[in-house]
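Me: I would like to learn how features are read from a model of this kind, one at a time. Could you take me through the one shown here?

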Amino acid sequence: MDQWKMMMALGNDSFHEQSWLDAEQSYYQAVDIIEDLWNDDAENIELLQAWIAGQHNLSSLFEKQGLECEALRYLTIPHRRVLELIQQGACSQRFHQQLMLTAKITLQPLLEYGQRNPMCDGCINTLNLNKEWLSTPAHQFH
């Protein structure tokens, strides 16, 4: 098993045992390992999705502890990163299509978070604009 997968599993075990610090450290280590691998293989969608999962695990961990700002941060980071990759456009058509699907995947937890926790109007408006943009066929930034 890949080292990052073992760290993620260890983090999940710690999370379920409510050992928050151990879970946090394991998730951070998994994310660091994934980032190193991803730097060498920038269009590897599996690594991107694993990285997003690590970020979302951190978000769940912080939300469970009542740290809403940190929880939101770890939902926002992957969504922004995916949008940046789309905007850069320096990738294959296949990877671009995968990024578009991934952007929808990163947006949904943000929208759900906004239903569970208070968010400012500006953030909600931005998320709704992203949702609208992702549902249009052209997907162009203005």
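Reply: Let us start with a single side chain, Asp40, which counts as exposed because its relative accessibility is 70%, and the cut-off for that word is over 50%. Asp40 has its place in helix α2, and please keep in mind throughout that this is a predicted model.

Me: Which residues form the negative surface patch?

Reply: The patch is formed by Asp32, Asp36, Asp40, Asp41, Glu43 and Glu46, so that the exposed Asp40 from our opening is one of its members. Helix α2, which covers residues 20–40, gives the most to this negative patch, namely three residues.

Me: Before we go further into detail, how many helices and how many strands does the protein chain have?

Reply: The secondary structure comes to six helices and zero strands, and read from the N terminus the order of elements is α-α-α-α-α-α. Of the 142 residues in the chain, 40% are buried. The accessible surface comes to about 8400 Å², and carbon and sulfur atoms account for 50% of that area. If one takes the contacts with a separation of 6 or more, 59% of them join residues that are 24 or more positions apart.

Me: Then let me ask about charged pairs: how many salt bridges does a search of the whole structure find?

Reply: The search finds four, and in reading each of them one may ask where the two partners sit in the chain and how accessible they are. One of them pairs Asp2 with Lys5, whose closest N and O atoms are 3.6 Å apart, which is a salt bridge because the limit is 4 Å. Asp2 is partly exposed at 41% relative accessible area, and Lys5 falls into that class with 37%.

Me: Where do Arg81 and Glu84 lie?

Reply: Both belong to helix α4 (residues 68–88), where they are three residues apart, or about one turn of the helix. Their closest N and O atoms are separated by 3.7 Å, and the pair forms a salt bridge. Arg81 is partly exposed with 28% relative accessibility, and Glu84 is partly exposed with 40%.

Me: And what distance, N to O, belongs to the salt bridge of Glu63 and Arg116?

Reply: That distance is 2.8 Å. The pair links distant parts of the chain, since Glu63 is in helix α3 (residues 45–64) and Arg116 in helix α5 (residues 93–116), with their positions 53 residues apart. Glu63 has a relative accessible area of 22% and is therefore partly exposed, as is Arg116 with 49%.

Me: Turning to the interior, is Thr106 buried or exposed?

Reply: Thr106 is buried, with a relative accessible area of 0%, and its position is in helix α5. To see what surrounds such a residue, one sets aside the neighbours up to four places away in sequence; for Thr106 the remaining contacts are Ile52, His56, Pro78, His79 and Val82. Ser26, in helix α2, can be read in this manner too: Ser26 is buried at 5%, and beyond its sequence neighbours Ser26 is in contact with Met7, Leu10 and Gly11.

Me: Which residues does Phe15 touch, not counting those up to four places away in sequence?

Reply: Phe15 touches Trp20, Ala23, Tyr27, Ser60, Leu61 and Lys64. Phe15 itself is found in helix α1 (residues 3–16) and has a relative accessible area of 18%, so Phe15 still counts as buried, the limit being under 20%. Its partner Leu61 is 46 residues away along the chain, yet the C-alpha atoms of Phe15 and Leu61 are separated by 7.1 Å.

Me: One last feature, from the backbone: what is the phi of Gln18?

Reply: Most residues other than glycine have a negative phi. Gln18 is not a glycine, but has a positive phi of about 60°. Gln18 lies in the loop between α1 and α2, and with 52% relative accessibility Gln18 counts as exposed.

Note on methods
Residues are numbered from 1 along each chain as its sequence is written. This is a predicted model: local features need pLDDT of at least 70, side-chain atom pairs count only at pLDDT 80 or more; totals for chains, interfaces and linings use all residues. Side-chain values use heavy atoms; hydrogens and water are left out. A salt bridge is a side-chain nitrogen of Lys or Arg within 4 Å of a carboxyl oxygen of Asp or Glu. Buried means under 20% relative accessible area, exposed over 50%, partly exposed in between (1.4 Å probe, protein chains only). Helices (H or I, at least four residues) and strands (E, at least two) are DSSP runs, numbered from the N terminus. Patches are made of residues with over 30% relative accessible area and no salt bridge: like charges are joined within 9 Å, nonpolar side chains (Val, Leu, Ile, Met, Phe, Trp, Tyr) within 5 Å. Accessible areas come from the Shrake-Rupley method with a 1.4 Å probe; for residues, only the protein chains shown count as cover. Lys and Arg count as positive and Asp and Glu as negative; His and the chain ends are not counted. The place of a charge is taken as NZ of Lys, CZ of Arg, CG of Asp or CD of Glu. Contact means heavy atoms within 4.5 Å.
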